[in-house]
Amino acid sequence: MPLVTTTEMFKKAYEGGYAVGAFNVNNMEIVQGITEACQEQKAPVVLQVSKGARAYANHTYLVKMVEAAVKECPDIPIALHLDHGPDFETCKSCIDGGFTSVMIDCSSKPFDENVEITKKVVDYAHEHGVVVEAELGTLAGVEDDVKVSAEDSSYTRPEEVEEFVTRTGCDSLAIAIGTSHGAYKFTPDQCTRNENGILVPPPLRFDVLEEVSKRLPGFPIVLHGSSSVPQNFVDIINAHGGKMPDAIGIPEEELRKAATMSVCKINIDSDIRLAITATIREYFDEHPDHFDPRQYLKPARQAVKDMVAHKLIHVLGCNGKA
Ligand SMILES: [Zn+2]
């Protein structure tokens with residue numbers, strides 16, 4: 001099947017009590033690792049491209065790699081989505097350039113300005129058969145080159161969501177309930193420690209999610225910054241010359257719970273980076289004489305595939321839903 005929008009996959013996810021994975025793509029091995037896992041698990045998927053990915057890999061290369069994945073994985077619906085579109089022009093360029101979904105992120109701007117720019121993107125996108133994700137509330141963490149401190153982040157205000165969705169006509173809404181971008185989602189002093197001394201992050205604000213869902217029945221909600229930063233990857237990285245002390249993510253059981261509620265799309269990027277880096281660091285340590293990139297990119301790609309398959313089955317619950 002050709003590239004699809006997220007409309008149908010979100011409707012089924014909402015009704016079925018699961019979420020679709022949205023994975024960031026930056027190169028061929030990442031595209032292959034993700035889509036091979038989704039094809040094997042019969043899972044719908046959103047492949048998303050950030051402004052940083054376009055700067056790194058070039059728009060045309062990314063679109064053509066995703067088109068290749070569509071051809072190689074004929075049994076699953078795949079959407080191509082712009083992650084964190086910063087302005088109308090970037091969104092327009094992706095809408096004109098073959099994307100089926102875009103995000104306009106004006107969440108750092110005042111409410112009325114966010115409404116105004118989002119509506120402009122929605123009008124243009126809908127004219128071209130493309131859907132739009134918008135955002136209310138501000139996540140902490142690092143996304144591309146934008147860093148938001150925990151103090152400057154803010155939870156979504158449920159009392160604003162109906163007016164925002166009605167005035168903009170957006171198709172899905174990213175909200176802030178305590179997830180965060182990057183591999184250092186919380187500082188140790190924001191966390192508690194369990195009996196084994198392992199950091200436990202503050203829980204997600206499910207009360208905010210429930211209140212939003214009550215005000216927007218049937219409307220798809222999106223969670224950004226939802227990597228879990230698996231400790232086994234962090235340990236491998238640190239054991240092989242890396243330095244990532246206190247890297248911490250969102251516990252998978254919290255994401256699983258969100259997926260059964262109104263959350264239809266869960267964004268995962270950092271876990272892909274960690275899988276690749278852990279695999280390559282270990283490989284270099286064990287094979288100091290190897291120098292063919294295929295030798296270490298092959299297991300790195302396999303690590304992405306295994307990690308994504310785990311998410312599909314145990315976190316998102318979207319396996320078998322294609
Ligand atoms: Zn994000």
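Reader: Let's start with strand β2 (residues 45-50): how many of its residues are buried?

Author: Heads-up: this is a predicted model, where local features need pLDDT of at least 70, side-chain atom pairs count only at pLDDT 80 or more, and totals for chains, interfaces and linings use all residues. Residues are numbered from 1 along each chain as its sequence is written. Helices (H or I, at least four residues) and strands (E, at least two) are DSSP runs, numbered from the N terminus, and a residue is buried if 20 or more other C-beta atoms lie within 10 Å of its own, exposed if 12 or fewer and partly exposed in between, with C-beta atoms placed from the backbone. Strand β2 is mostly covered, and its buried count is 6 of 6.

Reader: OK, and which residues of β2 point the other way from Val 45, Leu 47 and Val 49?

Author: Val 45, Leu 47 and Val 49 point one way from β2, and they are buried. The residues on the opposite side are buried too: Val 46, Gln 48 and Ser 50.

Reader: In what sense do β1 and β2 pair, parallel or antiparallel?

Author: Two strands pair if DSSP finds at least two bridges between them. Strand β1 (residues 20-24) has 4 bridges to β2, and Asn 24 has Gln 48 as its bridge partner there. The sense of the β1-β2 pairing is parallel.

Reader: What is the handedness of the crossover from β1 through α2 to β2?

Author: Picture the strands pointing away from you: a crossover is right-handed if the path from the first strand over the helix to the second runs clockwise. Going from β1 through α2 to β2, the β-α-β crossover is right-handed.

Reader: Which residue of β3 stands opposite Val 49?

Author: Strands β2 and β3 run parallel and are joined by 6 bridges. Across from Val 49 in β3 stands Leu 82.

Reader: Moving on along the chain, which helix sits between β3 and β4 in their β-α-β unit?

Author: Strand β3 (residues 78-85) pairs with β4 in the parallel sense over 3 bridges, and Gly 85 has Ile 104 in β4 as its partner. The β-α-β unit with β3 and β4 is right-handed, and its helix (residues 88-96) is α5.

Reader: And which residue of β5 does Ser 101 stand opposite?

Author: Strand β4 (residues 101-104) has Ser 101 and Met 103 pointing one way and Val 102 and Ile 104 the other, all of them buried. Its parallel pairing with β5 (residues 131-136) has 3 bridges, and helix α6 (residues 111-127) completes a right-handed β-α-β unit with these two strands. Opposite Ser 101 in β5 is Val 131.

Reader: Back in α2, why does Thr 35 count as buried?

Author: Thr 35 is found in helix α2 (residues 28-41). Leaving aside neighbours within four places in sequence, it is in contact (C-beta atoms, placed from the backbone, within 7 Å) with Val 45, Ala 69, Glu 72 and Cys 73. Thr 35 counts as buried because its C-beta neighbours inside 10 Å number 26.

Reader: Which residues beyond four places in sequence does Met 65 touch, in terms of contact?

Author: Met 65 is found in helix α4 (residues 59-72). It is buried, with 21 other C-beta atoms within 10 Å. Its contacts, leaving aside neighbours within four places in sequence, are Met 28 and Val 31.

Reader: How wide an arc do the buried residues of α10 fall within?

Author: The buried residues of α10 (residues 252-260) are Glu 254, Leu 255, Ala 258 and Ala 259. The arc is that of the directions from the helix axis to the C-beta atoms. Those residues line one face of the helix, since seen down its axis they fall within 140°.

Reader: At what angle do α10 and α12 pack?

Author: Here, axes are lines fitted to C-alpha atoms, for helices over the stretch in contact, and angles run from 0 to 180 degrees between N-to-C directions. In α10, Glu 252, Leu 255, Arg 256 and Ala 259 meet His 314, Val 315 and Leu 316 of α12. The axes are 8 Å apart, and the packing angle is about 65°.

Reader: Last one: which helix do the buried residues of α9 pack against?

Author: In α9 (residues 231-239), the buried residues are Phe 233, Val 234, Ile 236 and Ile 237. They cover an arc of only 160° around the axis, which puts them on the same side of α9. The face turned away carries the exposed Asn 232 and Ala 239. The buried ones pack against a helix at 270-286, namely α11.

Terms used:
Two residues are in contact if their C-beta atoms, placed from the backbone, lie within 7 Å.
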